[in-house]
Amino acid sequence: MRHIISILMENEPGALSRVVGLFSQRNFNIETLNVAPTEDETLSRLTVTTIGDDRVIEQITKHLNKLVDVVKLVDLTEGSHIERELMLVKVKALGAARDEVKRTVDIFRAQIVDVTPSQYTVQITGDASKLDAFLEAMSPVGLLEVARTGVSGIARGDKVLSL
Amino acid sequence: MELLSGADMIARFLQDEGVEYIYGYPGGAALHIYDALFRQDKVKHILVRHEQAATHAADGYARASGKPGTVLVTSGPGATNAVTGIATAYMDSIPMVVLCGQVMSHLIGDDAFQETDIVGVTRPIVKHSFSIKHPSEIPEVLKKAYYLAASGRPGPVVVDIPKDMTAPTERYEYVYPKKVKLRSYNPVTRGHTGQIKKAVELMLKARRPVFYTGGGVVTGEASEGLTDLVKRLGFPITTTLMGIGAFPQSDDQCLGWLGMHGSYESNMAMHHADLIIAIGARFDDRVTNNTSKFCPTAKIVHVDIDPSSISKTVRADVPIVGPAGSVINEMISLLQGREIASPEALTEWWQSIDGWREERRGKLYEPSAEGEVLKPQEVIEAVCRATRGQAYVTTDVGQHQMFAAQYYKFDKPNRFVTSGGLGTMGFGFPAAMGIKQNFPDEQVVCFTGEGSFQMMMQELSTCKQFGGGVKIINLNNASLGMVRQWQDLNYKSRHAHSYMESLPDFQKLIESYGFTALKVQTKEELESALEKTFADNDELVFLDVAVDPHEHVYPMQVPLGSMRDMLLSKTERT
């Protein structure tokens, strides 16, 4: 099953490589990963999506917690949560297809953020399946380039991941 | 306020931390530190002949004393040579601090001379690592390194020190940090009482219980408590290779150690148990054999300080995260005034166990006849008698390691020093040297083989310079015995590169360093050679004993089988 694990870790050199290294070293899998500093500049928040059964996920969280750089973590998929991913896509936009692309962009509530005579650059946010659906819809027109951030997430309700 | 250079801070910190010996090898990036060590005389530096030996020597000291060992190496090859020793310590959870020189900060990333990203190289085999970014942070980083190495589940910590951080011209305030805090690191100090109560109830109700305890009891210094607990309950106990000695092996309740080459009665008891009380052990593949067939009727209580060790390979019914010592003590106090539910069932259980013991009594191996080449097992038993079972024993890796664990009997923890997890050939001799230099009055024996010994024999030179009255017992079968055994069993005795042609004349080799070497070819020569070997406790003696190359280590668990599926000799199996 797919899990989204969010980690607060020391914003220090080497911390990221320890987290990433752990996954390859222990034969765990990483689907997506993103990381950035938080409002507290001594902390970074890293979100990783991974796939595994309960036993594997338990091991992943235990091993992550064991890393000295990891301060706190939460498996967002254990509760109700919001997940978002941002994607930038360059698509061909020529002739009749130009309108078609625009219509699809509107349907997905995406935005065109850059325009050339032959291309659109589209920005879209949502969960991974929405982004996948958009790519599928666009592929007959001609996808030129795709940049996805990987999943970021936060728990619903009053629950807060902080120190 | 005292102003010190980075290098002097390191020397002073080591003094303040109470470090007596460090093992190392100088080189460009570490020279400021070496100069600082030269200008003081409290911390003694032992110059090894290869950095791997420095890590093993510090590791041996750490295992024997329970305190962190300290290593100092230079950048690049100095640091990479230490990698095997760091991995060895990591696999066995041994506290160690490795100080590595590094090229100057402004050269990092330029492929400078003797530059290696040692923090990157060692990342998967350290508990944690640090890179010094400013000289003023040295005292705090070093304190953190020692604290991390020794607390919780111990392990090696690497500190990378660029040369400009130790420059003699730049001085900063030095204060010895008595304590450090890390917000993200809080090792547990006690187990969950509710869980411990559950475990105790299971223990009282069990009909066929067995304790299975590991290195965590030794590093957690919980041996006394464990002995008390096990004696109170009257249950059988088996230990892992790393846990040997935590419960006295001469006691009738001790079944020996378990696993691939563990005792018949240990493995049988585990397989038939209805309750396994695992403390400070990690259900390693060399213990469990095939986990899907592991102990089918047992409930499992698992006590470990490291939550990631629990339910990693075998699911625990009652997991308890906590240090062995405090959990054991809590178990003892919960047991006050309580009795086990069925003493009759326990008596029956012991009858089964004694039956298994009886089955194998006198059949473990066939001793050699007069005038014949010795069996390796006989040599270990003779050394055990000669040292009254009181020596610190180190081993290398292979058949001799298993024989030493099987036939030397340990009644105390910290006495059997072996590379259990990584299985590092070359470990034994430098580890023994490290122990002997720190405990000069003790007897220190290194069981080795001609294969393993040749991996680290350059340390004879270190012993010549700094002393190290180690007794090296070389079980010489002129082959890589364990490899050969597997080839006999699985490759129709095709001995691909498991023989040792062109061995040196060990006697001449040892004598060239000014040490005594003795040779034993037959049974008759052994006793008198051992007398000479142990006559002077300060003297390094190398005893080269020719042993039967055809001997195999038994019992041996059948691959993919259960705990009880064992080969018992070349012709018998369960």
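Mentor: A crossing is right-handed if the near helix is turned clockwise from the far one by less than a right angle. Keep that in hand for this predicted model. In chain B, the crossing of H15(B) and H22(B) is right-handed.

Trainee: At what angle do the axes of H15(B) and H22(B) cross, and how far apart are they?

Mentor: They cross at roughly 40 degrees and come within 11 Å. The label oblique covers angles from 35 up to 65 degrees, so a pair at roughly 40 degrees is oblique.

Trainee: Which residues of H15(B) and H22(B) meet?

Mentor: H15(B) brings Val379(B), Ala382(B), Val383(B) and Ala386(B). H22(B) answers with Leu526(B), Glu527(B) and Leu530(B). By class, that contact holds 6 nonpolar residues, no polar ones and 1 charged.

Trainee: What makes a residue of H15(B) count as buried?

Mentor: The cut-off is 20 or more other C-beta atoms within 10 Å of its own. In H15(B), residues 376-386, those that pass are Pro376(B), Gln377(B), Val379(B), Ile380(B), Ala382(B) and Val383(B).

Trainee: What covers the buried residues of H15(B)?

Mentor: The cover includes helices H16 (399-407) and H22 (523-533) of chain B. It also includes strands E17 (444-449), E18 (471-476) and E20 (541-546) of that chain.

Trainee: Which residue just after H15(B) takes a positive phi?

Mentor: Arg388(B), with a phi of about 55 degrees.

Trainee: Why is H16(B) called largely enclosed by the rest of the structure?

Mentor: Count the buried residues. They make up 8 of the 9 in H16(B), so the helix earns the description. The buried ones are Gln399(B), His400(B), Gln401(B), Met402(B), Phe403(B), Ala404(B), Ala405(B) and Gln406(B).

Trainee: Now the start of chain B. Why is H1(B) called oblique to H2(B)?

Mentor: H1(B) spans residues 6-16 and H2(B) spans 31-38; they pack at about 50 degrees, with axes 8 Å apart. That makes H1(B) oblique to H2(B): roughly parallel needs under 35 degrees, and roughly perpendicular starts at 65. The crossing of H1(B) and H2(B) is right-handed.

Trainee: Which residues of H1(B) meet H2(B)?

Mentor: Ala7(B), Asp8(B), Ile10(B) and Ala11(B) do. Across from them in H2(B) are His32(B), Ile33(B), Asp35(B), Ala36(B) and Leu37(B). This contact of H1(B) with H2(B) has 6 nonpolar, 1 polar and 2 charged residues.

Trainee: At what angle do H1(B) and H7(B) pack?

Mentor: About 35 degrees, with axes 9 Å apart; H7(B) covers residues 138-150. The crossing of H1(B) and H7(B) is right-handed. Gly6(B), Met9(B), Ile10(B) and Phe13(B) of H1(B) make the contact with Ile138(B), Pro139(B) and Leu142(B) of H7(B).

Trainee: How many nonpolar, polar and charged residues are in the contact of H1(B) with H7(B)?

Mentor: It has 6 nonpolar, 1 polar and no charged. Gly counts as polar, so Gly6(B) supplies the polar one.

Trainee: What makes a set of residues a nonpolar core?

Mentor: Buried members from a nonpolar list, joined through C-beta atoms within 7 Å. The largest such core has 194 residues. Ile10(B), Val71(B), Val159(B) and Ile276(B) touch the most other members.

Trainee: Which residues is Val159(B) in contact with, leaving aside its neighbours within four places in sequence?

Mentor: Val97(B), Leu99(B), Cys100(B), Phe130(B), Ile132(B), Val141(B), Leu142(B) and Ala145(B). A second, separate core of 13 residues includes Val105(A), Ala110(A), Val122(A) and Met138(A).

Trainee: Why is Gly28(B) called partly exposed?

Mentor: Gly28(B) has 15 other C-beta atoms within 10 Å. Buried needs 20 or more and exposed 12 or fewer, so 15 falls in between. Gly28(B) lies in the loop between strand E2 (21-24) and H2 of chain B. Not counting residues up to four places away in sequence, Gly28(B) touches Thr74(B) and Gln114(B).

Trainee: What pattern does chain A follow along the sequence?

Mentor: It reads β-α-β-β-α-β-β-α-β-β-α-β-β. That chain has 4 helices and 9 strands. Of its 163 residues, 29% are buried.

Notes:
Residues are numbered from 1 along each chain as its sequence is written. Chains are lettered from A and ligands numbered from 1 in the order in which they are written. This is a predicted model: local features need pLDDT of at least 70, side-chain atom pairs count only at pLDDT 80 or more; totals for chains, interfaces and linings use all residues. Two residues are in contact if their C-beta atoms, placed from the backbone, lie within 7 Å. Axes are lines fitted to C-alpha atoms, for helices over the stretch in contact, and angles run from 0 to 180 degrees between N-to-C directions. Helices (H or I, at least four residues) and strands (E, at least two) are DSSP runs, numbered from the N terminus. Angles under 35 degrees count as roughly parallel, over 145 as roughly antiparallel, 65 to 115 as roughly perpendicular and the rest as oblique.
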